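Me: Please take a close look at the nonpolar core of this protein and explain how the residues there are arranged. I am in my first year, and I would be grateful if each term were explained when it appears.

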Amino acid sequence: MRSFQEKYVFAPKEAAPLAVFRILFGLMMFLSIVRFWSYGWIDKLYIQPNFFFSYYGFEWIKPLGGYTYMLFVICGFSSIAIALGYKYRAAAITFFLSFTYIELMDKTTYLNHYYFISLLAFLMIFLPANAYFSLDAAKNPKKAFQYIPAWCTNSIKLLLGIVYLYAGLAKLNSDWLLEAMPLKIWLPSKFDTPLLGNLLSQEWMQYAFSWAGAGYDLAIPFLLLYRRTRVFAFIMVVVFHVLTRVLFPIGMFPYIMIVSTLIFFDARIHQKLLQYIAKVFRFTKERFDNGSGLMFKSSPITKATYGVLMLFFIAQLCVPFRYLLYPGELFWTEEGYRFSWRVMLTEKSGYAQFKIVDGKSGRWFYVDNTDFLTPFQEKQMAFQSDFILEYAHFLKHNFEKDGHQEVEVYVDSQVALNGRLSTAFIDPDVNLAEQKESFEHKTWIIPFKDEIKGL
């Protein structure tokens, strides 16, 4: 145990890899913010809608109206400060809080890579990423260190490894491996893809993509760790994520994963990258090569930092398995599905028609969802039980304000999963206005009528 700690936790390692990671992470985040703004998504997703779906426990987090733009400005400036290593700790905290607030404003926009960025941003708060090749180090020699403890870079490697490994384990299910679902649905529509277009409609190619995807996720962390396979593994990372970006509209995530995996390479590679940056901006990199090492002295703050990071990684290892606490098919109920690195495993479509009953008069009518939801919100709501429940409560309060009394809310919900025929999703006889959101199993979800074997 002591030899493990000495080698992978406390051993002095060059700070250059962490400095490169800081620069690339900050720049990628800034480009992501600019891209999001330029496409008009701030207005479309956070200004125009009349209703927003909240995460359980975070109902108080809502878009800020016109001030939402200022939130993105703060997030963008803090990402630049991270890249420059300027007032780094404050910048890292600001970026984490602002980005995570944006992520939590509307559950409709949930994506695994937004969650991944929030986790990375939180982790970076505790890393001395400004110790080398930063404005902080240039302005204050007391903050400049050429060497840092090994855990500072290994913690990022560990987080990346968890993401890949858990994504691979999630693919070990009968729909993905034995039915090539949902790739069998998605790939034929990509017939205009250069070189591969004609092949994507063939079943053998769909199975090849499914099996290769699972194998890639399971193997890539170990291939990156081993020096002899590292270059080959990085080529695989580039090919895999570029191909993913060509086939699927998942934004900046492939590029973020590509630059993140550079952390696995030796410090010599990162030194060359920093030397190139220094040459472009015409300053001397050698000013940071002071030979000093950062050692975390035993103190209450240091112990608290290690404690927080240990709890952080324990949570990352355990949270994806919380679905085991719920009965039923995970892909159907989605109880424990989010925050578990289950990436692109399902193709679901749904239909949800809500019936409002005035409990006092007995009169009833159906709701036109377009009166309250955007098309994107309605699409996401139709096959996710927590969305349906939250929307039902919104409808109850809305129509009670309009004068209806003792409002009851029922839904006729039909959902199709991975090419199967649509079947009833929510018990139509349950008054959703009486149901409360919690971490408990939602007994009013109609059980799945098929079986998906796997983890």
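Reply: What follows begins with the core, turns to its aromatic rings and some single residues, and ends with a pocket and the backbone.

The model is predicted: local features need pLDDT of at least 70, side-chain atom pairs count only at pLDDT 80 or more, and totals for chains, interfaces and linings use all residues. Residues are numbered from 1 along each chain as its sequence is written, and side-chain values use heavy atoms, with hydrogens and water left out.

A nonpolar core is a set of buried Ala, Val, Leu, Ile, Met, Phe, Trp, Tyr and Cys residues joined through side-chain atoms within 4.5 Å. Buried means under 20% relative accessible area, exposed means over 50%, and partly exposed lies in between (1.4 Å probe, protein chains only). In soluble globular proteins, nonpolar side chains tend to be buried together.

The largest nonpolar core has 85 residues, and the members that touch the most others are Phe 25, Phe 95, Phe 116 and Ile 156. Helix 2 (residues 16-38) gives the largest share of this core, 11 residues. Helices (H or I, at least four residues) and strands (E, at least two) are DSSP runs, numbered from the N terminus. Ile 156 shows what such packing involves: leaving aside neighbours within four places in sequence, Ile 156 is in contact (heavy atoms within 4.5 Å) with Leu 18, Phe 21, Leu 120, Leu 123, Leu 127 and Ile 263. There is also a second, separate core of 50 residues, which includes Val 407, Val 415, Leu 432 and Trp 444.

Aromatic rings deserve their own paragraph. Rings of Phe, Tyr and Trp (its six-membered ring) pair if their centres lie within 6.5 Å; planes under 30 degrees apart count as stacked, over 60 as edge-to-face and the rest as tilted. The whole structure holds 44 aromatic pairs. In one of them, the ring centres of Tyr 46 and Phe 72 are 6.2 Å apart with planes at 40°, so this pair is tilted. Tyr 46 belongs to helix 3 (residues 41-47) and Phe 72 to helix 4 (residues 68-84), so the pair ties together parts 26 residues apart in sequence. Tyr 46 and Phe 72 are both buried. The rings of Phe 116 and Phe 253 have centres 6.3 Å apart and planes at 85°, so this pair is edge-to-face. Phe 116 in helix 6 (residues 112-125) and Phe 253 in helix 13 (residues 253-260) are 137 residues apart, and their pair links distant parts of the chain. Phe 116 and Phe 253 are likewise both buried. One aromatic cluster includes Phe 51, Phe 354, Tyr 391 and Phe 399 among its members.

Single residues add detail. Thr 100, in helix 5 (residues 88-104), counts as buried because its relative accessibility is 14%. Apart from neighbours within four places in sequence, Thr 100 is in contact with Phe 95 and Ser 118. Val 409, in strand 5 (residues 407-417), is buried with a relative accessible area of 0%. The C-alpha atoms of Val 409 and Leu 432 are separated by 5.5 Å, although the two residues are 23 apart along the chain. With neighbours within four places left aside, the contacts of Val 409 include Phe 354, Ile 356, Val 430 and Leu 432. Leu 187 lies in the loop between helix 10 (183-186) and helix 11, and is buried with a relative accessible area of 0%. Beyond four places in sequence, Leu 187 touches Leu 200, Gln 206, Phe 209, Leu 247 and Phe 248.

The backbone may be considered last, after a pocket. On a 1 Å grid over the protein atoms alone, a pocket is an open set of points where a 1.4 Å probe fits, with protein on both sides within 12 Å along at least five of seven lines; lining residues have an atom within 4 Å of a point. The second largest pocket is lined by 37 residues, with Tyr 8, Ala 150, Trp 151, Asn 154 and Ser 155 nearest its centre. Helix 8 supplies the largest share of this lining, 10 residues.

Most residues other than glycine have a negative phi, and most peptide bonds are trans. The peptide bond from Met 181 to Pro 182, however, is cis, with omega near 10°. Lys 87 has a positive phi of about 45° although it is not a glycine; Lys 87 sits in the loop between helix 4 and helix 5 and is exposed, with a relative accessible area of 51%.
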